[in-house]
Amino acid sequence: MNTLTILALSWQHILIVAILLVLLFGGKKIPELMRGVGSGIKEFKDAVKEEDKPGSENKSASNNNNSSSN
């Protein structure tokens with residue numbers, strides 16, 4: 001079985017999900033939900049970028065060593 005074909009959504013599937021979202025949450029609540037999802041994704045990406053910066057591990061390790069020696 002190819003997992004990509006299992007996860008693929010056609011326009012009919014997306015339409016059904018959209019209708020269900022409107023029925024469950026209402027039209028006024030959906031923009032708030034999407035803003036929350038968007039800000040969460042942005043925070044996650046920022047955290048990943050911060051982790052990938054060279055020297056970020058060295059700074060935190062040196063801070064831990066300095067604080068434990070005091």
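1. Let's start with a single residue, L21, which sits in helix α2. Keep in mind as you look around that this is a predicted model. Is L21 buried or exposed? Neither, quite: its relative accessible area is 33%, so it counts as partly exposed, since buried would mean under 20% and exposed over 50%. Setting aside its neighbours within four places in sequence, L21 touches G26 and I30.

2. Now for the helix that holds L21. Does the length of α2 fit what you'd expect? Let's check which numbers come out. With 15 residues at 1.5 Å each, α2 should span 21 Å, and its end C-alpha atoms do lie 21 Å apart, so the two agree. If 15 times 1.5 seems to give something else, remember that the expected span uses one less than the number of residues. Right after α2 comes G26, one of the contacts of L21, and G26 takes a positive phi of about 85°.

3. Next, have a look at the surface. Which residues make the nonpolar patch? They are V17, L21, L24, F25, L33, M34, V37 and I41, and together they give a patch of about 720 Å². The elements that supply two or more residues to this patch are α2 (11–25) and α3 (30–52). So L21 turns up again here, as a member of the patch.

4. I41 is another patch member, and you'll find I41 in helix α3. Its relative accessible area is 44%, which means that I41 is partly exposed.

5. What about charges? The count is 1 salt bridge. E32 pairs with K29, and their closest N and O atoms are 3.5 Å apart. Both ends can be checked for exposure. E32 has a relative accessible area of 45%, so E32 is partly exposed. K29 is at 43%, so K29 counts as partly exposed too.

6. Time to step back to the whole chain. How many helices and strands are there? The protein has 4 helices and 0 strands, and the pattern along the sequence reads α-α-α-α. Of its 70 residues, 1% count as buried. The accessible surface comes to about 6600 Å², with 63% of that belonging to carbon and sulfur atoms.

7. Last, a word on confidence. The average pLDDT of the protein is 77, and 69% of the residues score at least 70. Where is confidence lowest, and where is it highest? Helix α4 (residues 56–69) is at the bottom with a mean of 52, while α3 is at the top with 90. That top-scoring helix, α3, is also the home of I41.

Note on methods:
Residues are numbered from 1 along each chain as its sequence is written. This is a predicted model: local features need pLDDT of at least 70, side-chain atom pairs count only at pLDDT 80 or more; totals for chains, interfaces and linings use all residues. Side-chain values use heavy atoms; hydrogens and water are left out. Patches are made of residues with over 30% relative accessible area and no salt bridge: like charges are joined within 9 Å, nonpolar side chains (Val, Leu, Ile, Met, Phe, Trp, Tyr) within 5 Å. Accessible areas come from the Shrake-Rupley method with a 1.4 Å probe; for residues, only the protein chains shown count as cover. A salt bridge is a side-chain nitrogen of Lys or Arg within 4 Å of a carboxyl oxygen of Asp or Glu. Buried means under 20% relative accessible area, exposed over 50%, partly exposed in between (1.4 Å probe, protein chains only). pLDDT is the predictor's confidence in each residue, from 0 to 100. Contact means heavy atoms within 4.5 Å.
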